[in-house]
Amino acid sequence: MSGKFESTDPGEIQVPLGTATAARMYDEALGGKDNYDVDRAANARLYATIGEDRVRSTAMENRRFLGRAVRFLSRECGVRQFLDVGSGLPTVRNTHEIAMEADPQARVVYVDIDPIVAAHGAALLSGGSTRVITADMREPDSVLDHPVVGEMLDFDKPIAVLFVAVFHFVTPAEDPARIVSAFRARQAPGSYVAISHLTTDGMSDDEQAGWRAGFDGATVPLVLRSKAEIGDLFAGYELVAPGLVRPWQWQPFGEDSPRTTSLYGGVGVRSGS
Ligand code: SAM
């Protein structure tokens with residue numbers, strides 16, 4: 001785990017008040033209240049360089065994609081198990097709420113590196129078929145072998161693994177392909193992955209620098225990737241229609257989503273046996 005989150009006391013929640021975190025910055029960009037001065041200051045830097053509307057629209061476009069992907073997976077694909085990795089703080093239209101519209105028995109495990117997510121999640125969730133854990137996806141076994149994951153999810157049946165707006169916090173040295181591959185190796189045929197990611201494609205050099213600078217000093221650095229590099233994360237999966245596209249273009253259902261050129265997103269079904 002990131003040293004900035006490290007705790008030797010499992011009963012103690014480490015909230016780095018002096019360091020901005022991705023979870024709390026995203027919460028602020030979506031209009032949430034679970035953030036601190038340091039997060040608002042980091043976002044103010046982003047707003048000053050990139051434009052507040054652009055940043056907030058990017059966050060909302062991404063969140064709408066997450067919702068539509070879960071809706072598609074639960075309603076159209078019959079998926080009843082979700083591993084939402086880098087889930088962020090609970091907000092409106094959470095994965096479990098959408099999955100349970102299709103089936104109240106749907107099972108959802110939220111995973112985030114930031115312990116504040118589990119702290120807030122525990123207060124929100126009534127338990128039962130939804131749980132939240134603190135773990136680092138860069139150590140896939142710490143997620144996949146977590147006792148709560150073993151208790152909640154049946155890996156012999158399809159599971160949708162959601163990596164929505166999280167891989168841009170994984171550096172090339174941390175080998176994103178290795179991480180996806182480790183999750184894929186545990187998934188049964190008929191399982192899915194959903195990925196969205198900030199992209200260099202269509203972004204000026206100044207805007208790229210602005211996004212990166214916004215995360216200077218945050219607990220995790222920001223890594224932008226090209227569309228081709230994001231596409232590579234789907235190795236071992238077949239993209240479902242409409243493929244890897246701007247999130248607002250992904251199965252829009254007539255929904256009113258902000259439209260930016262900040263991200264790419266897609267959903268893939270596990271290929272092979
Ligand atoms: N997936 C949600 C969504 O799209 O609405 C939240 C996305 S938010 C931008 C990214 C989240 O990923 C943050 O809550 C952050 O703490 C989490 N995160 C970053 N690196 C992580 C890691 N290595 N393991 C687990 N979570 C991570």
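**Exercise 1. Find the volume of the largest cavity and describe its lining.**

Solution.
Step 1. The largest cavity has a volume of about 640 Å³. A cavity is a set of points, on a 1 Å grid over the protein atoms alone, where a 1.4 Å probe fits but cannot get out. Grid points are joined across faces, edges and corners, and the volume is the space filled by probe spheres set on the points.
Step 2. List the lining, meaning residues with an atom within 4 Å of a point. There are 42 such residues, and A22, A165, V166, H168 and F169 lie closest to the centre of the largest cavity.
Step 3. Assign elements. Two or more lining residues come from each of α1 (22-29), α2 (37-50), α3, β1, β2 and β4 (160-164). Helix α3 gives the largest share, six residues. Helices (H or I, at least four residues) and strands (E, at least two) are DSSP runs, numbered from the N terminus.
Step 4. Sort by class: 27 nonpolar, nine polar and six charged. Here Ala, Val, Leu, Ile, Met, Phe, Trp, Tyr, Cys and Pro count as nonpolar, Asp, Glu, Lys and Arg as charged, and the others, Gly among them, as polar.

A note on the source: this is a predicted model, where local features need pLDDT of at least 70, side-chain atom pairs count only at pLDDT 80 or more, and totals for chains, interfaces and linings use all residues. Residues are numbered from 1 along each chain as its sequence is written, and side-chain values use heavy atoms, with hydrogens and water left out.

**Exercise 2. Count the cavities of 30 Å³ or more, then describe the second largest.**

Solution.
Step 1. The count is three.
Step 2. The second largest cavity has a volume of about 100 Å³. Of its 15 lining residues, G88, L89, P90, N94 and Y110 are closest to the centre.
Step 3. Helices α3 and α5 (115-124) each give two or more residues to this lining. The largest share, three residues, is from α5.
Step 4. By class, the lining holds eight nonpolar, five polar and two charged residues.

**Exercise 3. Characterise the second largest pocket.**

Solution.
Step 1. A pocket is an open set of points with protein on both sides within 12 Å along at least five of seven lines. The volume of the second largest pocket is about 220 Å³.
Step 2. Its lining includes R63, R64, R68, R71 and R93. Also among the lining residues are P252, F253 and E255.
Step 3. Helix α3 (residues 52-75) supplies the largest share, six residues. The classes are five nonpolar, one polar and six charged.

**Exercise 4. Place strand β2 in its sheet.**

Solution.
Step 1. Write the order: β3-β2-β1-β4-β5-β7-β6, an open sheet of seven strands with mixed pairing. Two strands pair if DSSP finds at least two bridges between them.
Step 2. Find the edges. β3 and β6 (237-239) each have a single partner strand, so one side of each lacks a neighbour in the sheet.
Step 3. Take the partners of β2. Strand β1 (residues 81-85) pairs with β2 in the parallel sense over five bridges; F82 has V108 as its bridge partner in β2. The chain runs from β1 through helix α4 (residues 95-102) to β2, a right-handed β-α-β crossover. Right-handed means that, with the strands pointing away from the viewer, the path from the first strand over the helix to the second runs clockwise.
Step 4. β2 also pairs with β3 (residues 130-134), parallel, over five bridges. There D112 is bridged to T134.
Step 5. Check burial (buried is under 20% relative accessible area, exposed over 50%, partly exposed in between; 1.4 Å probe, protein chains only). Five of the six residues of β2 (residues 107-112) are buried, so the strand is largely enclosed by the rest of the structure.
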